Amino acid sequence: MINASLDGLLTGLSLIVAIGAQNAYVLRQGLRRSHIAPVVAVCTASDYVLIVAGVAGIGVIVQHAGWALQAVRWFGVAFLVWYGLSSAWRARRPASSLSAARDDSAGGSTVVRRAVTLTWLNPHVYLDTVVLLGSIANAHGASGRWWFAVGSCVASALWFTGLGFGARFAAGLLATPRAWQVLDLFIAATMLGIAVKLAVS
């Protein structure tokens, strides 16, 4: 139970901290201190839905077609390796500084719509949460997969809350390319480690 939850927490954090449009938007709103709560709520709730759908969906597939788990598992291994190598490659040229320089007057409803769009129209979110987390979760067995899901949900809540509300306290650090370079290297090491673990499980 604890191991499954911890794996879910670490895997969820490793996937979610990658630089992307969604994280950049949450960070930007945090740096601007504008409509942070609804943006964090949208991103976190969306992740909950996708994580549960992934764990439940992959579980149903396994019950009716056991061979599908192997296919999904090896797809997950390949994706993790690609993800890790991409993060390592990205670390060679860290992203440009993320800042809140562009200050517009978007209202709360517009901000929420943007958060929803950046979350649900991003194809990678389905690979990360539905396919990848779902396949890794099911490696923990019928009951362990739900504890894995709990850990992943906690990771999502911690990350988005910390990124949104904590940006004001670490604006200088989070806005530097070097900080994201370190994150990318950490992500690369974690993803490759998970790929090995999934391959030999």
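Here is a short tour of an all-helix protein model, from its overall fold down to a few residues.

This is a predicted model, so local features need pLDDT of at least 70, side-chain atom pairs count only at pLDDT 80 or more, and totals for chains, interfaces and linings use all residues. Residues are numbered from 1 along each chain as its sequence is written, and side-chain values use heavy atoms, with hydrogens and water left out.

**The fold**

The protein has nine helices and zero strands, giving the pattern α-α-α-α-α-α-α-α-α along the sequence. Helices (H or I, at least four residues) and strands (E, at least two) are DSSP runs, numbered from the N terminus. Of the 201 residues, 45% are buried; that means under 20% relative accessible area, while exposed is over 50% and partly exposed lies in between (1.4 Å probe, protein chains only). Take the contacts (heavy atoms within 4.5 Å) between residues at least 6 apart in sequence: 88% of them join residues at least 24 apart. The accessible surface comes to about 9,800 Å², with 71% belonging to carbon and sulfur atoms; areas come from the Shrake-Rupley method with a 1.4 Å probe, and for residues only the protein chains shown count as cover.

**Three residues in their helices**

| Residue | Helix | Relative accessible area |
|---|---|---|
| Gln29 | α2 (residues 21–32) | 1%, buried |
| Val154 | α7 (residues 141–166) | 39%, partly exposed |
| Ala199 | α9 (residues 177–200) | 24%, partly exposed |

What does Gln29 touch, not counting residues up to four places away in sequence? Its partners are Ser34, His35, Ile36, Val39 and Val111.

Ala199, leaving aside neighbours within four places, is in contact with Arg73, Trp74 and Val77. The C-alpha atoms of Ala199 and Ala78 are 9.4 Å apart, though 121 residues separate the two along the chain.

Val154 belongs to a nonpolar surface patch of about 350 Å², together with Trp147, Val150 and Leu158. Patches are made of residues with over 30% relative accessible area and no salt bridge, with like charges joined within 9 Å and nonpolar side chains (Val, Leu, Ile, Met, Phe, Trp, Tyr) within 5 Å. A salt bridge here is a side-chain nitrogen of Lys or Arg within 4 Å of a carboxyl oxygen of Asp or Glu.

**A charge over a ring**

Arg92 sits over the face of Trp89, 4.2 Å from the ring centre. To count, NZ of Lys or CZ of Arg must be within 6 Å of the ring centre and within 35 degrees of the ring normal.
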